[in-house]
Amino acid sequence: MIAAREQERYFTPEEYFAWEEQQLERHELIDGRVYAMSGGTQNHSAIKLNIGSSISAHLRGNKCRVFNSDLKVNILNTPNYTYPDLSVTCDDRDRENVFYITYPCLIVEVLSDSTEAYDRGKKFEKYRRNPNLVDYVLVSSDEIAIDMYHRNDAGDWLILSYRAGDRVELRSIGLSLAIEQFYEEIVFEQKS
């Protein structure tokens, strides 16, 4: 998803929720400012569905739930709300609000040229403050490549890179899959 600043005014979370309810598009709230979320490419959408389907099938019958980019994530202890491509929560506290979750253990972002730097930098900086988050997964839509930030038992963040032929280990939900499953039926543009 591509975010573009929508309004110059500052919003409280309450104003944001009331305002966004009247909008046709989704908007993130970051530091009081709203940013419109635009659509992605066919690859972006298909990759997101492939990953979501795999996670959903794995979690069937489990208390954990996977959500697509229609559900907000409240960045813990802040008035900020984002729409990650996919999020998973196993925390019962997230059943208390139907409009967002706050305690995801897994967040997936499918990268685009316009959001990659933000997803890797400032967005991850905000997300990683949440002690519930274990895996932050960044998925390329241009090639078979996944970079994952994984919080180990000591609380340190490790960067794990996966490429063609690798198995992706989503330890937050106990799922191991061949990376190719995330890219099933994806056709990449030829680079010149």
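A residue is termed buried when its relative accessible area is under 20% and exposed when that area is over 50%, with partly exposed lying in between. The close-up views below are taken from a predicted model.

**Figure 1. Glu109, a buried residue of strand E9.** Glu109 has a relative accessible area of 4%, which is under 20%, and Glu109 is therefore classed as buried. Its location is strand E9, a segment that covers residues 104–110. Two polar partners of the Glu109 side chain can be shown in this view. The side chain of Lys123 makes a polar contact of 3.0 Å with that of Glu109, and the backbone nitrogen of Asp85 is placed 3.5 Å from a polar atom of the Glu109 side chain. When neighbours within four places in sequence are set aside, the residues in contact with Glu109 are Pro84, Asp85, Asp119, Lys123, Tyr127, Tyr136, Val137, Leu138 and Val139.

**Figure 2. The salt bridge between Lys123 and Glu109.** Side chains of opposite charge can pair when their charged atoms come close. In the pair formed by Lys123 and Glu109, the closest N and O atoms are 3.0 Å apart. This pair connects distant parts of the chain, with Lys123 in helix H4 (residues 122–127) and Glu109 in strand E9, 14 residues apart. Lys123 has a relative accessible area of 4% and is therefore buried; the value for Glu109 is likewise given as 4%, and Glu109 is buried. Over the whole structure, 12 salt bridges are found.

**Figure 3. Salt bridges of Glu116 with Arg120 and of Arg129 with Glu125.** Glu116 and Arg120 form a salt bridge through their side chains, at 2.9 Å from N to O. Both residues belong to helix H3 (residues 116–120), where they are four residues apart, or about one turn of the helix. Glu116 is partly exposed at a relative accessible area of 29%, and Arg120 is partly exposed at 27%. In the pair of Arg129 and Glu125, the salt bridge has an N to O distance of 3.5 Å. Arg129 has a relative accessible area of 56%, which is over 50%, so Arg129 is classed as exposed. Glu125, at 30% relative accessibility, is partly exposed. Elsewhere, salt bridges with shared partners join Glu28, Glu109, Asp119 and Lys123 into one network.

**Figure 4. Strand E7 and its pairing with strands E4 and E9.** In a regular strand the side chains alternate between the two faces of the sheet. Strand E7 consists of residues 86–89; Leu86 and Val88 point one way, Ser87 and Thr89 point the other way, and all are buried. Strand E4 (residues 65–68) runs antiparallel to E7 and is joined to E7 by four bridges, with Asn68 opposite Leu86. The pairing of E7 with strand E9 (residues 104–110) is also in the antiparallel sense and comprises four bridges. Here, Thr89 of E7 is opposite Pro104 of E9.

**Figure 5. Surroundings of Ser141, in the loop between strands E10 and E11.** The loop that holds Ser141 connects strand E10 (135–139) with strand E11 (145–151). The relative accessible area of Ser141 is 11%, under 20%, so Ser141 counts as buried. Its side chain reaches the backbone oxygen of Leu111 at 2.9 Å. With residues up to four places away in sequence not counted, Ser141 touches Asn43, His44, Ile47, Val110, Leu111 and Phe188.

**Figure 6. The second largest pocket and its lining.** This pocket holds about 180 Å³ of space. Its lining comprises 16 residues, of which Leu111, Glu116, Arg120, Ser140 and Glu143 are nearest the centre. H3, E10 and E11 are the elements that each contribute two or more residues to this lining. The most is given by E11, with three residues.

**Figure 7. The second largest cavity and its lining.** Rolling a probe the size of a water molecule over the atoms shows where empty space is left. The model has two cavities of 30 Å³ or more. The second largest cavity contains about 60 Å³ of space. Its lining is made up of Val73, Asn74, Ile75, Leu76, Thr102, Pro104, Ile107, Lys126, Tyr127, Arg129, Asn130 and Leu133. At least two lining residues come from each of strand E5 (72–74), E9 and H4.

How values were computed. Residues are numbered from 1 along each chain as its sequence is written. This is a predicted model: local features need pLDDT of at least 70, side-chain atom pairs count only at pLDDT 80 or more; totals for chains, interfaces and linings use all residues. Side-chain values use heavy atoms; hydrogens and water are left out. Buried means under 20% relative accessible area, exposed over 50%, partly exposed in between (1.4 Å probe, protein chains only). A polar contact is a pair of N or O atoms within 3.5 Å; within protein, one must be able to donate a hydrogen and the other to accept it, and residues adjacent in sequence count only if both atoms are side-chain atoms. Contact means heavy atoms within 4.5 Å. Two strands pair if DSSP finds at least two bridges between them. A salt bridge is a side-chain nitrogen of Lys or Arg within 4 Å of a carboxyl oxygen of Asp or Glu. On a 1 Å grid over the protein atoms alone, a cavity is a set of points where a 1.4 Å probe fits but cannot get out, and a pocket is an open set with protein on both sides within 12 Å along at least five of seven lines; lining residues have an atom within 4 Å of a point. Grid points are joined across faces, edges and corners, and a volume is the space filled by probe spheres set on the points.
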